Amino acid sequence: MPNSNPNYPIFEMKVLVATDKPFAKVAVDGIRKVIVDAGYELVLLEKYGEKSKLLEAVADADALIIRSDVIDAEVMDAAPKLKIVVRAGAGFDNVDLAAATAHNICVMNTPGQNSNAVAELALGLMVMAVRNFYNGTSGTELKGKRLGIHAYGNVGRNVARIAKGFGMEISAYDAYCPDSVMEADGVRPMHSAEELYAGNDIVSLHIPATPETKGSINAALLSRMPKGAILVNTARKEVINEDELIEFMQQRLDFKYVTDIMPAANDKMTELFTGRYFSTPKKMGAQTAEANINAGIAAAHQIVGFLKDGIRKFQVNK
Ligand code: 3PG
């Protein structure tokens, strides 16, 4: 029912921020400002835990800002007014793109906005691994070690930039990135995943989770890595063949795995691989105030641009 109280603003549109893993408060304040300045209402749903709460909250939302929150056909069915979903971040494997297209919903991501944060964490995990998880024993240094970057997108390029400061020898493999881009950064191009894994002491994963990449990091690939190798995963847990990783680590007692995406078998791996395995309790790569501000505010601007002017830059569904 329309509100007849003149002191009570009637908003044109409702923008819901639904983040089970909340943004920093400073980012939420920035998002709110962009949305309210555009004449829209901002509604916040954080740490909702159960899907039913999300289904309830989307009922009257025109636009949605999310992180790794799963947006499937059921959520879209529950949101008859929904016109746009912006994933504040890079990976959009958590959104059912076909269902979005069928519901006439535009899906966007905010590429590059959180990539420095993820890259810094990847290097942090590398330091932790070579220093034996800070257990007091003598470790080694990153300087002079060979780093292989698997996928040379926004995060991979930031990893290369930071790793250069550590004095690492850097190579990368990315089927979609021309050699010239890597070479311009002083990164040696590799031409297959096999070559990348065989030639590096540390591999840092930055591939998206797609039907082609899911389960693609398997024992055959890992067994190419040299003695004392380390795999760093700040990409997606789905790209790892977890059963094969476990079996492989049971045989290769020199191999370490560090990640910010907890494997399904975290308890088993913690027990089996003491001193060789570490996972953060939650996905932490993009969990900085800066990344939250960059990605969150970019998402808010993209929503305003779409709703007011029909701008579809960064749309990821067809
Ligand atoms: C991304 O795809 O942008 C990163 O994995 C960060 O995800 P998050 O927003 O859930 O932390």
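Biologist: How many bridges join β9 to β10?
Modeller: Keep in mind that we're looking at a predicted model. In it, β9 and β10 run parallel, and Val203 stands opposite Leu231 in β10. The number of bridges joining β9 to β10 is 4.

Biologist: And on the β6 side, which residue of β9 does Ile149 stand opposite?
Modeller: Strand β6 covers residues 146-150 and runs parallel to β9. These two strands are joined by 4 bridges. Across from Ile149, in β9, you'll find Ser204.

Biologist: Are the residues of β9, such as Ile202 and Val203, buried or exposed?
Modeller: Strand β9 spans residues 202-205, and its side chains go two ways. Ile202 and Ser204 point one way, while Val203 and Leu205 point the other. Whichever way they point, all of them are buried.

Biologist: Let's move to the open sheet of 5 strands. Which strands stand at its edges?
Modeller: The strand order is β2-β1-β3-β4-β5, with parallel pairing. An edge strand has a single partner, so one side of it is left without a neighbour in the sheet. That describes β2 (41-46) and β5 (106-109).

Biologist: What does the twist of that sheet average from one strand to the next?
Modeller: Take the β1 and β3 part of the order β2-β1-β3-β4-β5: β1 (residues 14-19) runs parallel to β3 and is joined to it by 4 bridges. Leu16 stands opposite Leu64 in β3 there. Going from one strand to the next, the twist averages 20°.

Biologist: At about what angle does α1 run to β2?
Modeller: Helix α1 is made of residues 25-37. It lies across β1, β2 and β3. Its angle to β2 is about 150°.

Biologist: Which residue does Asp37 meet in a salt bridge?
Modeller: Asp37 sits in α1, and its partner is 4 residues away in that helix, which separates the two by about one helical turn. An α-helix has 3.6 residues a turn, so residues three or four places apart point the same way. Asp37 is exposed at 56% relative accessibility, and its partner is exposed too, at 52%. With N to O at 2.5 Å, that partner is Lys33.

Biologist: How many residues apart in sequence are Lys51 and Asp72, the pair tied together by a salt bridge?
Modeller: Their side chains meet at 2.6 Å, N to O. Lys51 lies in helix α2 (residues 51-57) and Asp72 in the loop between β3 and α3, so the bridge ties together parts whose separation in sequence, in residues, is 21.

Biologist: Which residue joins Lys51 and Asp72 in a network of salt bridges?
Modeller: Lys51 is partly exposed at 31% relative accessibility, and Asp72 is partly exposed at 21%. The network links those two with a third member, Glu74.

Biologist: In the salt bridge between Arg236 and Asp93, how far apart are the closest N and O atoms?
Modeller: Arg236 lies in the loop between β10 and α10 and Asp93 in the loop between β4 and α4, so the pair ties together parts that are 143 residues apart in sequence. Arg236 is buried at 13% relative accessibility, whereas Asp93 is partly exposed at 36%. The closest N and O atoms are separated by 3.1 Å.

Biologist: How many salt bridges does the whole structure hold?
Modeller: We've met a few, including Asp37 with Lys33 and Arg236 with Asp93. Searching the whole structure gives a count of 10.

Biologist: Over how wide an arc around the axis of α10 do its buried residues lie?
Modeller: The buried ones in α10 are Glu242, Leu245, Ile246, Phe248 and Met249. They are on the same side of α10, because the arc they cover is only 165°.

Biologist: Which exposed residues does the face of α10 turned away from its buried side carry?
Modeller: The buried residues of α10 are covered by elements that include α9, β11, α11 and β12. The face turned away from that buried side carries Asp243 and Gln251.

Biologist: Last one: how many disulfides does the structure hold?
Modeller: A disulfide is a covalent bond between the sulfur atoms of two cysteines. Cys106 is buried at 2% relative accessibility, and Cys177 is buried at 8%. As for disulfides, the count is 0.

Terms used. Residues numbered from 1 in each chain as written. Predicted model: local features only at pLDDT ≥ 70, side-chain atom pairs only at ≥ 80, totals over all residues. Heavy atoms only, no water. Salt bridge = Lys/Arg side-chain N within 4 Å of Asp/Glu carboxyl O. Buried < 20%, exposed > 50% of the residue type's maximum accessible area, 1.4 Å probe, protein only. Arc of directions from axis to C-beta. Contact = heavy atoms within 4.5 Å. Pairing = 2+ DSSP bridges. Axes fitted to C-alpha atoms, helices over the stretch in contact; angles between N-to-C directions. Disulfide = S-S within 2.5 Å.
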